[in-house]
Amino acid sequence: MFNRLSLGVAAALCAVILLSAPVRSNAQSYSPIFAPQSTTPWRAWCVDGYGHLVPYCYIYLFTGAWTYTNAHFHTDSSQPYSTFSFPGDPPGTARTAAWGQSGPDGYLYFYMKGSIVGQAEFACSQSGYGTTCSNFAVGYNDVYYNDHPEIWIRIGGSDTGGDTGHGTTAYNRYMRTYAAYGLYYATQAYVADHPGVNQLCTNDMALPFGGKFDIGSSTRWRSPHVEHDRGTAADVAGPGSGQCPVAHQVVASEFIQQCIRQGALAANSYNEGNHAHCNWASPSSYPH
Ligand SMILES: [Zn+2]
Ligand SMILES: [Zn+2]
């Protein structure tokens with residue numbers, strides 16, 4: 001099935017008029033969005049001056065990423081992006097630029113393998129008939145901004161943290177709904193047990209469209225923050241946090257127990273010393 005085509009994702013080539021068009025359309029987009037590491041079928045084609053598909057047309061395909069998207073306010077030459085392969089390629093083939101040829105039906109079929117980083121990307125096709133690019137994104141469209149100021153003080157990011165290159169704390173607090181509810185009720189339960197405490201400090205959850213939450217200049221675009229790639233985890237400040245007023249710091253082990261009562265996985269919820277880390281999913285259940 002090539003439903004991507006009906007969305008306009010498949011890279012289309014049009015005759016003549018596009019020769020003067022910019023190689024990349026100037027509109028990064030988060031729609032359509034494909035999950036990290038997912039594989040989706042695409043196709044590219046050439047159209048002649050009469051609007052007809054051109055069989056056996058040579059097409060040059062290439063992929064790339066927009067910079068500074070999905071709160072990755074950092075870039076370098078190692079920024080990864082989606083790759084593609086042709087039917088018949090050996091398993092694991094990961095192309096970022098290659099020539100192909102449309103078949104007798106006029107289509108060049110290929111598979112796009114999503115990158116691991118949530119971000120805006122593009123794919124382009126070039127031929128003698130012109131150049132066209134399609135914008136898309138990699139990430140998750142089921143994570144939502146999760147903030148309840150009456151019970152949470154936002155910390156982290158460039159506000160109180162060491163600035164991981166992902167902007168203010170407004171960008172680090174996206175979660176899937178069920179995990180967000182878990183964190184909310186765990187907070188309510190903890191607060192109920194601690195008279196005088198009415199707010200806790202929440203730090204990293206996930207980036208706006210999830211995907212790799214890289215931290216540290218030596219681990220750009222990679223781990224170690226894999227627990228925060230899927231919008232199922234949150235960090236809550238404990239003793240010695242340095243970013244959270246003492247009166248709002250939790251007893252980490254106690255808060256983790258509240259998370260677990262609200263569905264967090266014991267095996268994936270940790271006492272990190274200066275914060276409680278709760279995760280409602282195992283990283284083995286999502287690419288990282
Ligand atoms: Zn980043
Ligand atoms: Zn964490």
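Among contacts in this chain between residues at least 6 apart in sequence, 73% join residues at least 24 apart. Keep in mind that what you are looking at is a predicted model. The chain has 288 residues, and buried ones make up 45% of them. Along the principal axes, the C-alpha atoms fill a box of roughly 75 × 30 × 30 Å. As for secondary structure, the count comes to four helices and 15 strands.

**How far to trust it**

The mean pLDDT of the chain is 89, with 91% of the residues reaching 70 or more. The stretch to watch is residues 1-25, where the pLDDT is below 50. Even so, the model gives this stretch 65 contacts beyond near neighbours in sequence.

**Two domains**

The chain splits into domain 1, covering 3-138, and domain 2, covering 144-285. Their centres, taken over C-alpha atoms, are 36 Å apart. Where the two touch, domain 1 puts in 18 residues and domain 2 puts in twelve. On the domain 1 side of that contact you'll find ten nonpolar residues, seven polar ones and one charged.

**Two open sheets**

Let's take the three-stranded sheet to begin with. It is open, runs in the order E2-E6-E4, and its pairing is antiparallel. Which strands stand at its edges? They are E2 (39-45) and E4 (83-85); each has a single partner strand, so one side of each is left without a neighbour in the sheet. Neighbouring strands here are turned by 40° against each other on average, direction ignored. E2 and E6 (residues 107-113) run antiparallel and are joined by seven bridges. If you want a spot to click on, try Arg43, whose bridge partner in E6 is Tyr109.

The other sheet is also open, with five strands in the order E1-E8-E7-E3-E5 and mixed pairing. Its edge strands are E1 and E5 (97-101), each pairing on one side only. E1 pairs with E8 (residues 130-138) in the parallel sense, over two bridges. Within E8, Ala137 stands opposite Ile33.

As a general reminder, strands of a sheet pair through backbone hydrogen bonds, either parallel or antiparallel.

**Backbone oddities**

Just ahead of E1 there's something worth a look in the backbone. Ser31 and Pro32 are joined by a cis peptide bond, with omega at about 0°. Pro32 is found in the loop between helix H1 (3-6) and strand E1 (33-34).

Two residues other than glycine have a positive phi: Asp163, at about 60°, and Trp221, near 70°. Where does Asp163 lie? It is in the loop between helix H2 (157-160) and strand E11 (174-175). Trp221 also has a loop position, between strand E12 (200-202) and strand E13 (233-237). Are they buried or exposed? Asp163 is partly exposed, because 14 other C-beta atoms lie within 10 Å, and Trp221 is partly exposed as well, with 18 such atoms within 10 Å.

**Two residues on helix H3**

Helix H3 covers residues 177-193, and Leu183 lies in it. Tyr178 has its place in H3 too. Why does Leu183 count as buried? It has 28 C-beta neighbours inside 10 Å, and the cut-off for being buried is 20 or more. Tyr178, with 14 C-beta neighbours inside 10 Å, counts as partly exposed.

Leaving aside residues up to four places away in sequence, Leu183 touches Met175, Ala234 and Cys278. Leu183 and His248 are 65 residues apart along the chain, and their C-alpha atoms are separated by 16 Å. Tyr178 and Thr232 are 54 residues apart in sequence, while in space they are 8.2 Å apart, C-alpha to C-alpha.

Here are the four residues with their neighbour counts side by side.

| Residue | Other C-beta atoms within 10 Å | Class |
|---|---|---|
| Asp163 | 14 atoms | partly exposed |
| Trp221 | 18 atoms | partly exposed |
| Tyr178 | 14 atoms | partly exposed |
| Leu183 | 28 atoms | buried |

Technical notes: Residues numbered from 1 in each chain as written. Chains lettered and ligands numbered in written order. Predicted model: local features only at pLDDT ≥ 70, side-chain atom pairs only at ≥ 80, totals over all residues. Domains from an automatic or database assignment. Contact = placed C-beta atoms within 7 Å. Nonpolar A, V, L, I, M, F, W, Y, C, P; charged D, E, K, R; others polar. Buried ≥ 20, exposed ≤ 12 C-beta atoms within 10 Å, placed from the backbone. pLDDT = per-residue confidence, 0-100. Pairing = 2+ DSSP bridges. Axes fitted to C-alpha atoms, helices over the stretch in contact; angles between N-to-C directions.
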